[in-house]
Amino acid sequence: VYLLESLLPTVPQERKTAETIESVFAFAAMWAFGGPMIVDKSGDYRRRFSEDFAATFGAKFLAAATTSSSSSSNNKSDTAGTSNSETAVSAATTCFDYFFDAESNRHVHWQTRLKKHVPRPIGDGPGHVPFHSLFVETVDST
């Protein structure tokens, strides 16, 4: 409920259509019910949830996909509205790899939110960063 309440105000008033609100709701429900699923030696319950989610909501919510041919670490390939034959989806891709972007009104890969990592000198000298304060953003930390 809190995720849904926090996401709805981010949708501009002129874009608050039934389809957009449904997409925001599906994203919030996906994390509310699928987020707590675990991955352990007995099974990958998140992947199973993702497969069921995709079967239920179809390409409408998961049309954005990363292309396997792109080797860029800052992949901005969100191909909403394309068919599976037009884009190669990685076998490791799940519904949790995408977020709903209210500005573009589509699901976008989390990779697009990452900033390019700029290495900084580590140490105690001037212009150096203490080791304990280093943070490198990843898809899992955004």
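These exercises, each with a worked solution, cover the fold, core, helix packing and selected residues of the predicted model above.

Residues are numbered from 1 along each chain as its sequence is written, and side-chain values use heavy atoms, with hydrogens and water left out. In this predicted model, local features need pLDDT of at least 70 and side-chain atom pairs count only at pLDDT 80 or more, while totals for chains, interfaces and linings use all residues.

**Exercise 1. Describe the fold in outline.**

Step 1: count the elements. The protein has 4 helices and 4 strands. Helices (H or I, at least four residues) and strands (E, at least two) are DSSP runs, numbered from the N terminus.

Step 2: read their order. Along the sequence the pattern is α-α-β-β-α-α-β-β.

Step 3: check burial. Of the 142 residues, 29% count as buried. Buried means under 20% relative accessible area, exposed over 50%, and partly exposed in between (1.4 Å probe, protein chains only).

Step 4: look at sequence range. Take the contacts with a separation of 6 or more; residues 24 or more positions apart account for 47% of them. Contact means heavy atoms within 4.5 Å.

**Exercise 2. Find the centre of the largest nonpolar core and the elements that supply it.**

Step 1: fix the term. A nonpolar core is a set of buried Ala, Val, Leu, Ile, Met, Phe, Trp, Tyr and Cys residues joined through side-chain atoms within 4.5 Å.

Step 2: pick out the best-connected members. The largest core holds 15 residues, and Phe27, Met30, Phe49, Phe53 and Cys95 touch the most other members.

Step 3: assign elements. Helix 2 (18–34), helix 3 (45–57) and strand 3 (98–101) each give two or more residues. Helix 2 gives the most, with 4 residues.

**Exercise 3. Work out how helix 2 and helix 3 pack.**

Step 1: take the geometry. The two helices pack at an angle of about 150°, with their axes 11 Å apart. Axes are lines fitted to C-alpha atoms, for helices over the stretch in contact, and angles run from 0 to 180 degrees between N-to-C directions.

Step 2: classify the angle. Helix 2 is therefore roughly antiparallel to helix 3. The cut-offs are under 35 degrees for roughly parallel, over 145 for roughly antiparallel and 65 to 115 for roughly perpendicular, with the rest oblique.

Step 3: list the contact residues. Helix 2 brings Ala26, Met30, Trp31, Phe33 and Gly34, and helix 3 brings Arg46, Phe49 and Phe53.

**Exercise 4. Locate the salt bridge and state the exposure of its partners.**

Step 1: search. The whole structure has 1 salt bridge. The criterion is a side-chain nitrogen of Lys or Arg within 4 Å of a carboxyl oxygen of Asp or Glu.

Step 2: name the pair. Arg47 and Asp44 meet at 3.9 Å, N to O.

Step 3: read the accessibility. Arg47 is partly exposed at 25%. Asp44 is partly exposed at 29%.

**Exercise 5. Place Phe100, Asn105 and Phe57.**

Step 1: Phe100 lies in strand 3. Phe100 is buried, with a relative accessible area of 10%.

Step 2: leave aside neighbours within four places in sequence. Phe100 then contacts Thr20, Ser23, Val24, Phe27, Asn105, Arg106 and His107.

Step 3: Asn105 sits in the loop between strand 3 and strand 4 (106–109). Asn105 has a positive phi of about 60°, although it is not a glycine. Asn105 is partly exposed at 34%.

Step 4: Phe57 belongs to helix 3 and is partly exposed at 32%. Phe57 and Ala26 are 31 residues apart in sequence and 8.5 Å apart in space, C-alpha to C-alpha.
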